[in-house]
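Got a model open and want to poke at how its pieces pack? Let's go through it in questions and answers.

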Protein chains: 2
Amino acid sequence: MGTAAEREPRQERSRATRARLLEAAVTRLAESGVAGATVGAVAETAGVSRGAAQHHFPTREDLYLAVMRHVLDSRGEELRRRIATVPEGPGRTEAVVQMAVDAFTGEDFRAALQLWAAAANDPALRESILPMEERVGRELHRAAVGLLGADESRPGVREAVQATLDLARGLGLANLLTDDSARRRRIVRQWAGMLDAVLTG
Amino acid sequence: MGTAAEREPRQERSRATRARLLEAAVTRLAESGVAGATVGAVAETAGVSRGAAQHHFPTREDLYLAVMRHVLDSRGEELRRRIATVPEGPGRTEAVVQMAVDAFTGEDFRAALQLWAAAANDPALRESILPMEERVGRELHRAAVGLLGADESRPGVREAVQATLDLARGLGLANLLTDDSARRRRIVRQWAGMLDAVLTG
């Protein structure tokens, strides 16, 4: 143990290394799936020694769980940033639907999808991932309800908001193999109109 | 080359072997992902010699493409069977939405999802799978339009039908790690009501 002054930069370096490993793991997962995202391969991508990587993530499962948490957290942060930009008045519902849809695209989503696919065949990974997913699902739902000013005591409103997130997930999956953004825009607009009718019904 | 009479049973046996290999491949993919679905592992599950399996599917990619075609074809057959059972009158829209949602569950969907995840990182596989996906997407859409009696010349109708299939895909993904059927039923009912409002607008 060094002095407090010596420990500080060491902890900072350690945090920076961990963050670099997580970013590299997201990239490896999105680009090569779990087969290409061993701790060793991730260390190489991050430019970190294998020993240092194993210090942070002794097993592949440790790494995957940390990646899942990292992806969910950064998705949450991104949402909080964007919430401030959602316009009032007409167009608000469409902006909220678009925000939900955007949460299921990009490198983070592609990495998460590889982990979901792996978890489907790995009971231990599934048991660890599920509670995280459920927590984030609840948060996303709560955020959408708040942003939409949705009154969930009215029949159908809760299900319509849930369906919005399921639609977003489905559009994300449709976008995995091809650029689906033009079609997605039209569907978002249409869905927002249908959702508005339920909310203001 | 034997006589015609000798060839006939040989061809039949060959078809039966191929079908057994494809079923085994679906099971292996759904249960173990692509890592557990080598031609050798599939041959073992099917109770077929490795040589015979390699005769039908020289490479893993040949096997995956055949599996994808098999899954899409059997999904199509299942849909055609069920179309006859869709009730007329009220409840028809909900039955059609339920049918779309059911097309994205089960072992076939889980196997297809593993192939999509693999194709995301494998340009050759993606290029082969995409045209199949697009064809089936168009067929599904056409079937839904026909069953719903949807008039796509009216604004929003086309997008609402497309959204139904995207929602179904998203619900399938949500169901991958956990049994989501109770929530799904409520969403199907709600969405059917919203879709009806657009169709009869």
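Q: Which residues in α9(B) do V157(B), A160(B), V161(B), A163(B), T164(B), L167(B), L171(B) and A174(B) in α8(B) meet?
A: Keep in mind that this is a predicted model. Helix α8 of chain B covers residues 157-174, and helix α9 of chain B covers residues 181-200. The α9(B) side of the contact is R183(B), R184(B), I187(B), W191(B), L195(B), V198(B) and L199(B).

Q: How do the residues of the contact of α8(B) with α9(B) divide into nonpolar, polar and charged?
A: T164(B) is one of the residues on the α8(B) side, while R183(B) and R184(B) are among those on the α9(B) side. The split comes out as 12 nonpolar, one polar and two charged.

Q: Is α8(B) roughly parallel or roughly antiparallel to α9(B)?
A: The two axes come within 10 Å and cross at roughly 175 degrees. Anything over 145 degrees counts as roughly antiparallel, so α8(B) and α9(B) are roughly antiparallel.

Q: What about α9(A) and α9(B): are they roughly parallel or roughly perpendicular?
A: Here the axes come within 11 Å, with a crossing angle of roughly 105 degrees. The range of 65 to 115 degrees counts as roughly perpendicular, so that is the label for α9(A) against α9(B): roughly perpendicular.

Q: How many nonpolar residues are there in the contact of α9(A) with α9(B)?
A: From α9(A) come Q190(A), W191(A), M194(A), L195(A) and V198(A), and they meet Q190(B), W191(B), M194(B), L195(B) and V198(B) in α9(B). Two of the residues in this contact are polar and none is charged. The nonpolar count is eight.

Q: What area is buried between chain A and chain B?
A: Chain A puts 38 residues into the contact, and chain B puts in 38. Carbon and sulfur atoms give 69% of the buried area. The total is about 3200 Å².

Q: How many salt bridges does the rule find across the interface of chain A and chain B?
A: Side chains of opposite charge can pair when their charged atoms come close. R183(A) and D166(B) meet in a salt bridge, at 2.8 Å from N to O. Across the interface, the count is four.

Q: How many residues apart in sequence are the parts that R189(A) and E94(A) tie together?
A: Over all chains the structure holds 22 salt bridges. The side chains of R189(A) and E94(A) form a salt bridge, 3.3 Å from N to O. R189(A) sits in helix α9 of chain A and E94(A) in helix α5 (residues 92-102), so the linked parts are separated in sequence by 95 residues.

Q: How many helices does chain A have?
A: Running from the N terminus, the elements go α-α-α-α-α-α-α-α-α. The C-alpha atoms of the chain fill a box of roughly 65 × 40 × 30 Å along the principal axes. Strands number zero, and helices number nine.

Q: Which residues of chain A does UniProt list for "DNA-binding region"?
A: An unreviewed UniProt entry gives "domain: HTH tetR-type" for residues 15-75 of chain A, a span that is 80% helix and 0% strand. The "DNA-binding region" stretch in the model is 75% helix, with end C-alpha atoms 11 Å apart. According to the unreviewed entry, that annotation covers residues 38-57.

Notes
Residues numbered from 1 in each chain as written. Chains lettered and ligands numbered in written order. Predicted model: local features only at pLDDT ≥ 70, side-chain atom pairs only at ≥ 80, totals over all residues. Heavy atoms only, no water. UniProt positions renumbered as here; feature names shortened; annotations may be inferred. Helix = DSSP H or I, 4+ residues; strand = E, 2+ residues; numbered from the N terminus. Axes fitted to C-alpha atoms, helices over the stretch in contact; angles between N-to-C directions. Parallel < 35°, antiparallel > 145°, perpendicular 65-115°, else oblique. Contact = heavy atoms within 4.5 Å. Nonpolar A, V, L, I, M, F, W, Y, C, P; charged D, E, K, R; others polar. Buried area = accessible area lost by both parts, 1.4 Å probe.
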